[in-house]
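User: I would like to go through this model and ask, for each label attached to it, what justifies that label. Please set the values against the cut-offs as we go.

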Amino acid sequence: MKILMVEDEPLAAAHLQSLVHRYESHIEILARLESVREVVAYFQQHPSPDLLLLDIHLADGLSFAIFDQVQVECPVIFTTAYDEYALRAFRSNGIDYLLKPIGYEDLAQALDRYVNWFQKGQQLPPYQVIDMEVLQQLMKPATLKEEKSPFKTRFLAKKGEQLVSVPTDDILYFYSEDKVTLFKTKDQRRFIIEPTLGEIEAQVSPQDFFRVNRGFLVRFEAIEEILAFSNRRYRLSLKHHAGEEVLVAREKVAAFKEWLDR
């Protein structure tokens with residue numbers, strides 16, 4: 001097994017590596033990277049590892065931004081000190097989500113999951129592999145903290161030379177256009193925003209928004225029609241959107257249908 005480790009804290013990385021080799025001494029750690037930029041460069045220049053151990057909070061931002069820039073085809077075990085990103089992680093190739101400080105039993109269980117489902121040829125999409133009771137337990141702390149929601153209530157955006165603070169409740173969808181991130185509001189205004197879609201996705205409620213493809217993060221209320229497309233895919237008609245058609249990515253169709261049916 002060849003693992004790429006992404007962890008920007010040296011002590012945490014050393015601890016994690018010791019746990020990996022305790023599980024199996026012959027596992028190869030291909031590299032230890034510390035930033036989104038380094039991981040993107042690695043995937044552009046090297047073959048995919050068998051497994052990615054990925055911290056969520058890195059030196060230059062949230063690791064979800066990696067999935068905006070390169071195709072990550074290997075399964076991912078996310079590691080973090082924060083519990084509010086669990087649902088987002090399972091939508092980004094995640095097969096497990098380990099909260100720091102990580103113990104051996106937790107890591108061993110995650111690696112067992114990888115061995116059983118991927119190395120033994122019993123591949124299933126991550127959302128079918130995950131134990132939903134475990135997911136619910138992970139999400140409980142966030143539910144108990146409703147008074148201090150981890151999700152952003154406003155976004156700072158540019159409108160010409162002005163800076164404008166826009167309530168999240170007023171936003172229909174975030175999208176990328178010509179390498180720029182924008183959002184459109186319910187009153188049809190359009191704003192430029194600095195974060196990437198991957199960063200924004202981790203900052204908004206997964207109950208309200210869904211990343212349908214690399215270019216669109218859509219609020220439920222923004223969807224006017226869902227039309228059948230080829231190969232069991234779907235095409236969305238969005239409010240106040242007259243640009244190119246918005247397709248649900250093939251690998252997101254099942255999760256999208258679950259999101260609609262909750």
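User: What covers the buried residues of helix 9?

Analyst: In this predicted model, the cover over the buried residues of helix 9 includes strand 13, strand 14 (216–219), strand 15 (223–228) and strand 16 (234–238). The buried residues in question are Val253, Ala255, Phe256 and Trp259, in a helix that runs over residues 253–260.

User: How do you know that the buried residues of helix 9 line one face?

Analyst: Looking down the axis of helix 9, one finds its buried residues within an arc of 160 degrees, and therefore they line one face of the helix. As a general point, an α-helix has 3.6 residues a turn, so residues three or four places apart point the same way.

User: Which residues of helix 2 are buried, and which are exposed on the other side?

Analyst: Val36, Val39, Val40, Tyr42 and Phe43 are buried in helix 2, and they cover an arc of only 160 degrees around the axis, which puts them on the same side of helix 2. On the other side of helix 2, Arg37, Gln44 and Gln45 are exposed. The buried residues of this helix pack against strand 1, strand 2 (28–33), strand 3, strand 4 (57–58), strand 5 (61–62) and helix 3.

User: What makes Tyr42 and Phe43 an edge-to-face pair?

Analyst: By the pairing rule the count comes to 14 aromatic pairs. In one of them, Tyr42 and Phe43, the ring centres are 6.2 Å apart and the planes meet at 75 degrees; because pairing asks for centres within 6.5 Å and edge-to-face for planes over 60 degrees apart, the pair is edge-to-face. Tyr42 has 11% relative accessibility and Phe43 has 11% relative accessibility, so with the cut-off for buried set at under 20%, both residues count as buried.

The pair of Phe174 and Phe183 is edge-to-face as well, at 5.7 Å centre to centre with 70 degrees between the planes. Phe174, at 0% relative accessibility, counts as buried, and Phe183 is buried with a relative accessible area of 0%. These two residues belong to one aromatic cluster with Phe155, Phe191 and Phe209.

User: Why is Lys152 said to lie over the face of Phe155?

Analyst: Lys152 lies over the face of Phe155 at 4.6 Å from the ring centre, and the distance limit for such a placement is 6 Å, so this value satisfies the distance part of the rule. Arg22 lies over the face of Tyr104, at 3.9 Å from the ring centre, which is again within the 6 Å limit.

User: What makes the contact between Arg211 and Asp68 a salt bridge?

Analyst: Their side chains meet at 2.2 Å, N to O, and since a salt bridge asks for nitrogen and carboxyl oxygen within 4 Å, the pair qualifies as one of the seven salt bridges that the structure holds. The pair links distant parts of the chain, with Arg211 in strand 13 (residues 209–213) and Asp68 in helix 3 (residues 66–69), 143 residues apart. Arg211 is buried, with a relative accessible area of 5%, and Asp68 is buried too, at 18%.

User: Which residues are linked with Arg211 in a network of salt bridges?

Analyst: Asp68 and Glu201 are linked with Arg211 in that network. Glu201 forms its salt bridge with Arg211 at 3.1 Å between the closest N and O atoms. Glu201 lies in helix 8 (residues 197–201) and Arg211 in strand 13, so this pair ties together parts that are ten residues apart in sequence. At 9% relative accessibility, Glu201 counts as buried.

User: Why is Arg189 called partly exposed?

Analyst: Arg189 has a relative accessible area of 35%, and because buried ends at 20% and exposed begins over 50%, the value falls in between. Asp187, at 46% relative accessibility, likewise counts as partly exposed, and the two residues form a salt bridge with their closest N and O atoms 3.1 Å apart.

User: Which element gives the most to the largest nonpolar core?

Analyst: Helix 2 gives the most, with five residues, to a core of 24 residues in which Val6, Phe43, Leu52, Leu54, Ile66, Val72 and Phe78 have the most contacts. A second, separate core of 22 residues includes Ile3, Ile29, Tyr104 and Tyr114.

Definitions and conventions:
Residues numbered from 1 in each chain as written. Predicted model: local features only at pLDDT ≥ 70, side-chain atom pairs only at ≥ 80, totals over all residues. Heavy atoms only, no water. Phe/Tyr/Trp six-rings, centres within 6.5 Å; stacked < 30°, edge-to-face > 60°. Buried < 20%, exposed > 50% of the residue type's maximum accessible area, 1.4 Å probe, protein only. Lys NZ or Arg CZ within 6 Å of the ring centre and 35° of its normal. Helix = DSSP H or I, 4+ residues; strand = E, 2+ residues; numbered from the N terminus. Core = buried A, V, L, I, M, F, W, Y, C linked by side-chain atoms within 4.5 Å. Arc of directions from axis to C-beta. Contact = heavy atoms within 4.5 Å.
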